[in-house]
Amino acid sequence: MPDLSQLRRKWSGLAKAAGALTLFALLGAILVGLGYQNAIERIKSNEREALLHQLLEIVPREQCDNNMLTDTRIIQAPDHLGSEQTTVYRARTENGPFAAIFSPVIASGYNGAIHLLVGINTNGSIAGVRVLKHRETPGLGDKIEIERDPWVLDFDGASLLKPKPDDWRVERDGGVFDQFTGATITPRAIVLAVKKALEYFQKNQERVFSVGESDDRLTEDW
Ligand SMILES: Cc1cc2nc3c(=O)[nH]c(=O)nc-3n(C[C@H](O)[C@H](O)[C@H](O)COP(=O)(O)O)c2cc1C
């Protein structure tokens, strides 16, 4: 039979082992937590970079003096911009506002929502349109992606004056914008969504560029 001091030594050995295990488990948990936090930060930073890249495709860096990523407002105008909530990124120069980029403007495509980035210059002309995401049919509706087709560049410089509002349609409907062979629904939806974004901008331009109301939100009011 083990004597008391042997038992004590055994227990103290076990307690030390349990302590060491707990310490390792704690260290492991902390390291996993830190790694997770790092990964989240990295993902967020990559997303910011990707977004900035897209914004700068529409308004190049040399055309704006501010940081568009932080000069934003939230707009709630679903009837005109298609989304419950749209962020507007403002580009400014030392002479004042230069362009506003709306994200997302949502068009109602053949297979559902088409998310667009729509940039509008202060003179009311389109600075650029890009498709952020969509589910249109490959080979039919996906020519809206700039990587596949330059179609989306047809909007550059267009405004509500040129072409005239009635001509903001695909050619098949009597307008000036090309459609795709056998796939008119997708471009028709985008033409309509871009036109509505222009109309929203025309009526709300001053407020789109104004800095900070109390809750920093603009709601639909027309
Ligand atoms: C499986 C399938 C997928 C289609 N996908 C699209 C699409 O992504 N975009 C589109 O505009 N039309 C698509 N269409 C065609 C539309 O049903 C419609 O016929 C077409 O948009 C009308 O264009 P059109 O008047 O030039 O023929 C698809 C049709 C089928 C059968």
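**A guided tour of the protein chain**

Read from start to end of the sequence, the protein chain shows the pattern α-β-α-β-β-β-β-α-β. Colour the predicted model by secondary structure, and three helices and six strands appear.

Next, display the whole chain as a C-alpha trace. Along the principal axes, these atoms fill a box of roughly 100 × 45 × 35 Å. The radius of gyration of the chain is 27 Å, whereas a compact globule of 222 residues would have one near 17 Å. Of the 222 residues, 29% are buried. Among contacts with a separation of 6 or more, 49% join residues 24 or more positions apart.

Now turn to the interior. The largest nonpolar core has 43 residues, and those touching the most other members are Ile101, Leu116, Val194 and Ala197. Select helix 1 (4-58), strand 2 (86-93), strand 3 (96-109), strand 4 (112-121), strand 5 (126-133) and helix 3 (185-209): each gives the core at least two residues. Helix 3 supplies the largest share, nine residues.

Centre the view on Ile101. Which residues does Ile101 touch, leaving aside those up to four places away in sequence? They are Leu55, Ile58, Val59, Val88, Tyr89, Leu117 and Gly119.

Finally, select the ligand. Around the ligand are Tyr110, Asn111, Glu136, Thr137, Leu140, Gly141, Gln179, Gly182, Ala183, Thr184, Ile185 and Thr186. Coloured by class, this shell shows seven polar residues, four nonpolar residues and one charged residue.

Technical notes. Residues are numbered from 1 along each chain as its sequence is written. This is a predicted model: local features need pLDDT of at least 70, side-chain atom pairs count only at pLDDT 80 or more; totals for chains, interfaces and linings use all residues. A nonpolar core is a set of buried Ala, Val, Leu, Ile, Met, Phe, Trp, Tyr and Cys residues joined through C-beta atoms within 7 Å. A residue is buried if 20 or more other C-beta atoms lie within 10 Å of its own, exposed if 12 or fewer, and partly exposed in between; C-beta atoms are placed from the backbone. Helices (H or I, at least four residues) and strands (E, at least two) are DSSP runs, numbered from the N terminus. Two residues are in contact if their C-beta atoms, placed from the backbone, lie within 7 Å. A residue is near a molecule or strand if its C-beta atom, placed from the backbone, lies within 6 Å of it. Ala, Val, Leu, Ile, Met, Phe, Trp, Tyr, Cys and Pro count as nonpolar, Asp, Glu, Lys and Arg as charged, and the others, Gly among them, as polar. The radius of gyration is taken over C-alpha atoms; the globule rule is 2.2 Å times the number of residues to the power 0.38.
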